[in-house]
Amino acid sequence: MAKRKVAYVCNECGADFPKWQGQCAACGAWNSLSEFVTDRARPGRSAERTGFAGSLSDVQRLDEIELTETPRIETAIGELDRVLGGGLVPGSAILIGGHPGAGKSTILLQVMCQLASQLDCLYVTGEESPAQVAMRAERLKLPRDALRLVAETDVDRILELAQKEKPKILVIDSIQVMYLSGLQSAPGSVAQVRESAAALTRYAKQSGTVLLLVGHVTKDGTLA
């Protein structure tokens with residue numbers, strides 16, 4: 001039987017430790033450590049340990065790396081393309097942050113509905129039902145015949161769907177409600193947000209998928 005690896009992650013600051021302790025040595029919080037179990041026999045974990053583009057043993061000198069210009073995907077929204085440096089880059093992870101109700105989901109829905117007619121896109125909604133998203137698209141008079149949508153908050157399930165559907169662009173709305181079942185803390189905690197974002201980003205780098213993460217910010221302007 002494959003060995004299971006156990007770590008303890010602080011729900012306040014996200015620091016991890018090999019053993020449980022009453023106080024987090026990083027931030028000083030008491031009783032904030034939760035157990036995080038990684039099953040090494042779990043399908044898909046071996047791919048995560050191989051790095052972004054192959055075996056970890058493939059070491060190259062900097063001058064040996066072939067330089068190719070990566071084509072950008074234009075969103076058809078000029079100001080958004082300007083902020084992104086010309087468009088979306090395959091394999092990139094982009095965080096769209098803002099206060100609740102600022103319009104993050106609306107602008108991403110507009111972009112995805114337009115791009116879905118040209119590229120395979122997958123919109124993962126964790127805060128709203130598919131019917132709510134469809135009603136918003138109807139109010140905005142957006143094309144709805146090409147965009148694929150799923151309501152899910154389990155990151156492992158999302159990664160399975162992404163490997164099956166192979167979207168070029170993946171939207172996670174929002175990262176605060178996503179969770180990994182192996183982490184014994186509530187969705188929205190520092191540990192869950194950090195580990196969920198890391199797993200999704202790792203998939204984006206490995207597969208060349210554009211990852212768009214929606215993240216809420218607090219009153220003082222920091223990521224919740």
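How do the residues of the lining of the largest cavity divide into nonpolar, polar and charged? Keep that in mind as you open the model, which is a predicted one.

**Stop 1: the cavity**

Select Thr75, Leu80, Leu84, Leu88, Ile94, Ile96, Leu108, Val111 and Leu212: these residues line the largest cavity. The split is eight nonpolar, one polar and no charged. The space inside comes to about 50 Å³. A search of the whole structure turns up one cavity of 30 Å³ or more. Now colour β4 (93–98) and α3, the elements that give two or more residues to this lining.

**Stop 2: the sheet**

Stay with β4 and show the strands around it. This is an open sheet of five strands, ordered β4-β8-β7-β5-β6, and the pairing is parallel. At the edges sit β4 and β6 (148–151), each pairing on one side only. Averaged over the sheet, neighbouring strands are turned by 15° against each other, direction ignored.

Zoom in on β4 and β8 (residues 210–216). Six bridges join them in the parallel sense. Select Ala93: the residue opposite, in β8, is Leu211. Next, add α6, which packs on the sheet. This helix touches β4, β7 (169–173) and β8. The direction of α6 makes about 160° with that of β8.

**Stop 3: α5 against α6**

Keep α6 (residues 190–207) and add α5 (residues 155–165). Their axes lie 10 Å apart, at an angle of about 10°. The two helices, α5 and α6, are therefore roughly parallel to each other. On the α5 side, select Val155, Ile158, Leu159, Ala162 and Gln163. They meet Ser196, Ala199, Leu200 and Tyr203 in α6. Colour by residue class: the α5–α6 contact has seven nonpolar residues, two polar and no charged.

**Stop 4: α3 against α4**

Return to α3 (residues 104–115) and bring in α4 (residues 130–139). How do their axes cross? They come within 11 Å and cross at roughly 70°. An angle of 65 to 115 degrees counts as roughly perpendicular, so α3 and α4 are roughly perpendicular to each other. Select Ser105, Thr106 and Leu109 of α3, then Val133, Arg136 and Ala137 of α4; these residues make the contact. The classes here are three nonpolar, two polar and one charged.

**Last view**

Show α3 together with the cavity lining once more. Leu108 and Val111 are among the lining residues, while Leu109 is one of the residues in the contact with α4.

Key
Residues numbered from 1 in each chain as written. Predicted model: local features only at pLDDT ≥ 70, side-chain atom pairs only at ≥ 80, totals over all residues. Heavy atoms only, no water. Axes fitted to C-alpha atoms, helices over the stretch in contact; angles between N-to-C directions. Helix = DSSP H or I, 4+ residues; strand = E, 2+ residues; numbered from the N terminus. Parallel < 35°, antiparallel > 145°, perpendicular 65-115°, else oblique. Contact = heavy atoms within 4.5 Å. Nonpolar A, V, L, I, M, F, W, Y, C, P; charged D, E, K, R; others polar. 1 Å grid on protein atoms, 1.4 Å probe; cavity = no way out; pocket = protein on both sides within 12 Å on 5 of 7 lines; lining within 4 Å. Points joined across faces, edges and corners; volume = space filled by probe spheres on them. Pairing = 2+ DSSP bridges.
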